Amino acid sequence: MRNLFLFLREHYFYFLFLLLETFSLILLFNYNDFQGSSLYSVSNTVTGSVNSMFSGITEYFSLRKTNRVLIEEMAKLHSRIPEAFYITDRNVFYKKDSVVKLEYKYISAKVISNTTNKRNNFLMINKGSIHGIDHHMGLIIGNKIVGQVVSVSPHFSWAMSLLNKDSRISGKFKKNNQLVNVEWNGGNYRKGQVKEIPKHVVIVKGDTIITSGNSDIFPEGLLIGTITDFTNAQDENFNNGEILFSTDFNSLGYIEVVVDMMRKEKEELKSTFKSQ
Amino acid sequence: MTSRTVFFNILRFFFLIFFQGLILNHVNLGELGGYINPYFYIYFILLLPFSTPRWMLLILAFILGIGIDMFTNTIGLNAAACVIMAFVRPFVISAISSGPESLIGDTPSLKNQGLKWFLYYAIILILVHHTSLFYLEIFRFSEFFATFVRVLLSSAFTLILVMISEYIIYSGNK
């Protein structure tokens, strides 16, 4: 026994190292599941307040740009209100209330922390569960996609940016609705990869990729980006391409969270099929 | 270790955590931005006095890493890399110095140990830290070479920041 103690004392440095390293790795692999965990919410609340204080200062530097974006957005919305339409025949435009039901609701939020230079990028926004935000809700800026919420605390949300190894967006060609997947392999934050383009699709540089609406996270038709390059693989079933993201991830100010009002219904529908 | 050294180290600890968490983590260098993210906060571990007990090295490195992890929501990632770096530090010091008596002063610095010693010291430790950090972050081998490029470029930038700070202190203490 005495020898054991002597041994431990002699080599305490190695044991302490092993102890701390194991502890760190346990923390790393248990609490960094991108689906969100309780530890996320704790550190969200701690650093959330520091980050929002700091972004309160830095947002003054981008006021000009924020104003421009807001005015553009307002113009777009103005052009959609009923007064902007020339109504010739009321019968055509009339729809019963039970037919027109709100499917998507949008909550505006401010990005208070964001990175683009890591392999896995996340952003924090200043709205949380008390504002009605929940896991798997999509983030958009204008009509361009940003990411999805992975964890919420009462006042803040932690979202996975599209610039993340776990991010996989279901998209499609605007011209012919062919489904593809959009991923990010790291490196340049403006460019991503388009995977699984069926062989028969004729790709042209400049083709627009939009969201497919298949994922329950983003509505259909939001801009992802345009194709800048592609390869014609000889021995594989799919072609791959390079995409220039429409979103400038490095200058996110105010964004919107997409709330799918019918998500519950969709999920229930899927689960009833599974259980049969 | 004087109380003055302790005070400066505590100050440096908090300054570097906030500097890293609020500013350096958001620095973007354009097209190459995804490959370069300097982790300057490890300057704290580099500058801990030689007389720091080895157990304390490990514990301080762990707390420092957790502090940085709070900002990036990657609990354990920076802590793991920092603990590895602190573990290696005593071995690096004894490997590159000719003996314990050859170390002048208590704090490792460019001024006391000279350019060659300090460069060896900083480069080895920065590489150890960045290599463990980036490979733990990605944790797959499919992106081995891309990660390797990130390690090298980011280490170079961290080293530049460390050397700039050393020169500022060097000229300030004349």
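pLDDT is the predictor's confidence in each residue, on a scale from 0 to 100. Chain A averages a pLDDT of 80, and 85% of its residues score at least 70. What you have open is a predicted model, in which local features need pLDDT of at least 70 and side-chain atom pairs count only at pLDDT 80 or more, while totals for chains, interfaces and linings use all residues. To find your way, note that residues are numbered from 1 along each chain as its sequence is written, and that chains are lettered from A and ligands numbered from 1 in the order in which they are written.

**Stop 1: colour by confidence**

Start with chain A. Helices (H or I, at least four residues) and strands (E, at least two) are DSSP runs numbered from the N terminus. Select helix 5 of chain A, residues 90–93, where confidence in the chain is lowest, at a mean of 42. Then jump to strand 9 of chain A, residues 208–211, where confidence is highest, at 92. Now select residues 87–97 of chain A: the pLDDT there is below 50, and beyond near neighbours in sequence this stretch has two contacts in the model. A contact here is a pair of residues whose C-beta atoms, placed from the backbone, lie within 7 Å.

Switch to chain B, which averages a pLDDT of 86, with 91% of the residues at 70 or above. Among the elements of chain B, helix 5 (residues 110–113) has the lowest mean pLDDT, 84, and helix 2 (residues 43–47) the highest, 93. For the complex, the predictor gives an ipTM of 0.85 and a pTM of 0.70.

**Stop 2: where the chains touch**

Show both chains together. The contact takes 31 residues from chain A and 31 residues from chain B. On the chain A side, helix 2 (12–31) and helix 3 (38–58) are the elements that give two or more residues. Helix 2 of chain A gives the most, with 11 residues. By class, the side of chain A that touches chain B has 16 nonpolar, 12 polar and three charged residues. In this scheme Ala, Val, Leu, Ile, Met, Phe, Trp, Tyr, Cys and Pro count as nonpolar, Asp, Glu, Lys and Arg as charged, and the others, Gly among them, as polar.

Next, select helix 2 of chain A with helix 4 of chain B: their axes come within 8 Å and cross at roughly 160°. Axes are lines fitted to C-alpha atoms, for helices over the stretch in contact, and angles run from 0 to 180 degrees between N-to-C directions. The two helices are therefore roughly antiparallel to each other; that term covers angles over 145 degrees, while those under 35 count as roughly parallel, 65 to 115 as roughly perpendicular and the rest as oblique. Among the residues that meet here are A:F17, A:L20 and A:L28 from helix 2 of chain A, and B:V83, B:I84 and B:F87 from helix 4 of chain B. This contact has 11 nonpolar, one polar and one charged residues.

**Stop 3: helix packing inside chain B**

Keep helix 4 of chain B (residues 77–96) and add helix 3 of chain B; their axes come within 7 Å and cross at roughly 155°. That makes helix 3 of chain B roughly antiparallel to helix 4 of chain B. The residues of their contact divide into 16 nonpolar, two polar and three charged.

Now swap helix 4 of chain B for helix 1 of chain B (residues 3–23), which packs against helix 3 of chain B (residues 54–72) at an angle of about 30°, with the axes 9 Å apart. Helix 1 and helix 3 of chain B are therefore roughly parallel. Select B:F13, B:I17, B:Q20 and B:G21 in helix 1 of chain B, and B:L64, B:G67, B:I68 and B:F71 in helix 3 of chain B, to see the contact. Five of these residues are nonpolar, three polar and none charged.

**Stop 4: strands of chain A**

Finish on strand 1 of chain A (residues 104–114), joined by seven bridges to strand 12 of chain A (residues 254–260), which runs antiparallel to strand 1. Two strands pair if DSSP finds at least two bridges between them. Label A:I107 and, opposite it in strand 12 of chain A, A:V257. Strand 1 of chain A also has three bridges to strand 2 of chain A (residues 122–125), again antiparallel. There, A:N114 has A:L123 of strand 2 of chain A as its bridge partner.
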